[in-house]
Amino acid sequence: MNTKTAATLSAAASSQDEPTLVVDQVSKDFGAGNAVDGVSFTLEKGQFLTMLGPSGSGKSTTLNMIAGFLEPDSGSIKLRGRELTSLAPEKRNIGMVFQNYSLFPHMSVVRNVAFPLEVRGVPKKEAISKAHKALELVELSARAGFSPRQLSGGQQQRVALARAIVFEPELLLMDEPLGALDKRLRESMQIEIKRISKELGATVVFVTHDQEEALTMSDQIAIYNNGRVEQFGTSEDLYERPTSVFVANFMGESNLVQGKLSQGMLRAGSANLAVPSDALRRFAEGTGLGMILRPEQVLISPEHMAGAAGASMPGIIRDVIYLGTSYRYYVSTDAGFDVQSRVPRQHEHSTLRTGDRVSVSWSPEHVAVVPALQD
Ligand SMILES: Nc1ncnc2c1ncn2[C@@H]1O[C@H](COP(=O)(O)OP(=O)(O)OP(=O)(O)O)[C@@H](O)[C@H]1O
Ligand SMILES: [Mg+2]
């Protein structure tokens, strides 16, 4: 076998096993500091990644570099092992959906959807027939001949989705595609997008501001902060094992109890709190730490019934809020810090009132330990 054939064969073999998308140390500076700063992550075929983070944290810039609308200053982006950085957008086999649907107003719905195929040189008849199939998938066949102006926001968004998937891209990028829709439509589109991407076996990168949307849709979540990926993992990883206060706050409600690590315990106010043993391995004596406690993991009982399990702290209820399915209690502990507890309504806690003495408790394995916030 000559070396050329061997090289070709090994390239073919490896491209089968290659992850769909590898973003490696990608950076972009528009002149005001790094907009994207050494971002790396890997996606396997069929995975659904959501990028979540504050405005200006670099999500769209990352997406635009993957799509090819922006060139990275450094780093590499590979689609099934093939380097993309110098490849034109239309050669990348990537579908993109933007927040503003950007449909062509003078073309019918079906022509809009056929457009990316025509750009790629597919004969018109075949392009139109594939466009009809894509419209079927988004359940808009009945609107094929309409002008985009005759469609609702949600329908226009579905046309944009059909247009992004019509050429069967290996990767689908969606930049806040549901941002303009009202809550109900948003929720039904979330389920639609999830269904369609599973049906196509598509690998997806999806951007949103909305934490619940991220939890609903994703296999993986990347939390962006200031041009960097602060944490990358499954929804459970990020919710249950955040590695920073920033991530914990982005992924729903949490209590933050801060203190110092002292003789294997967290000294917070006048209390010594048990910490999970892995935290003792990760942090040195004397380190300033924060304990992240989700409100639903904090148990609350009348003081005289204080349970024996785990940490148990006396305190006083400062406020009770009725949330329909649950109650939220704001408790000031005698140790000097405040915690919130959320209790499902069927637990019959409605007898607890503001001003009552209570005992709050949690088990140390439900605690995530992170570096303390610097002030
Ligand atoms: N074309 C550009 N020229 C100059 N600066 C830019 C450009 N595009 C983005 N930036 C800057 O890069 C940073 C990251 O912007 P980016 O659009 O990626 O944020 P984002 O996370 O998508 O925010 P949002 O949630 O508001 O959409 C911001 O500080 C922004 O001002
Ligand atoms: Mg953006």
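The following questions and answers concern a predicted model of one chain with a ligand.

User: How many Å separate the centres of domain 1 and domain 2?

Analyst: The domain assignment of the chain places domain 1 at residues 18-240 and domain 2 at residues 253-371. Taken over C-alpha atoms, the distance between the centres of these two domains is 40 Å.

User: Which helix gives the most residues to the shell around ligand 1?

Analyst: The residues surrounding ligand 1 include Gly58, Lys59, Ser60, Thr61, His209 and Tyr224. By kind, the shell divides into three nonpolar, eight polar and one charged residue. The greatest contribution, three residues, comes from helix 2 (residues 59-67).

User: Is helix 2 largely enclosed by the rest of the structure or largely exposed, and why?

Analyst: A residue counts as buried if 20 or more other C-beta atoms lie within 10 Å of its own. The buried residues of helix 2 are Lys59, Ser60, Thr61, Thr62, Leu63, Met65, Ile66 and Ala67. Because eight of the nine residues of helix 2 are buried, the helix is largely enclosed by the rest of the structure.

User: Which residue follows helix 2, and what is the sign of its phi?

Analyst: Helix 2 covers residues 59-67. The residue that follows helix 2 is Gly68, and its phi, near 100°, is positive.

User: Where does the largest nonpolar core lie with respect to domain 1 and domain 2?

Analyst: This core has 92 residues, and Ile66, Leu173 and Met291 are among those that touch the most other members. Helix 5 (residues 153-165) gives the most to the core, with six residues. Since domain 1 (18-240) and domain 2 (253-371) both give residues to this core, it lies between them.

User: Which residues is Leu173 in contact with, leaving aside its neighbours within four places in sequence?

Analyst: Leu173 is among the residues that touch the most other members of the largest nonpolar core. With its neighbours within four places in sequence left aside, its contacts are Leu63, Ile66, Ala67, Ile94, Met96 and Val205.

User: In which strand does Gln25 lie?

Analyst: Most residues other than glycine have a negative phi. Gln25, however, has a positive phi, near 50°. Gln25 is also exposed, with 12 other C-beta atoms within 10 Å. Its place in the chain is strand 1 (residues 21-29).

User: Is Glu168 buried or exposed?

Analyst: Glu168 is in the loop between helix 5 and strand 7 (171-175). Its phi is positive, near 50°. A residue counts as exposed if 12 or fewer other C-beta atoms lie within 10 Å of its own. Because Glu168 has 12 C-beta neighbours inside 10 Å, it counts as exposed.

Key: Residues numbered from 1 in each chain as written. Chains lettered and ligands numbered in written order. Predicted model: local features only at pLDDT ≥ 70, side-chain atom pairs only at ≥ 80, totals over all residues. Domains from an automatic or database assignment. Near = placed C-beta within 6 Å. Helix = DSSP H or I, 4+ residues; strand = E, 2+ residues; numbered from the N terminus. Nonpolar A, V, L, I, M, F, W, Y, C, P; charged D, E, K, R; others polar. Core = buried A, V, L, I, M, F, W, Y, C linked by C-beta atoms within 7 Å. Contact = placed C-beta atoms within 7 Å.
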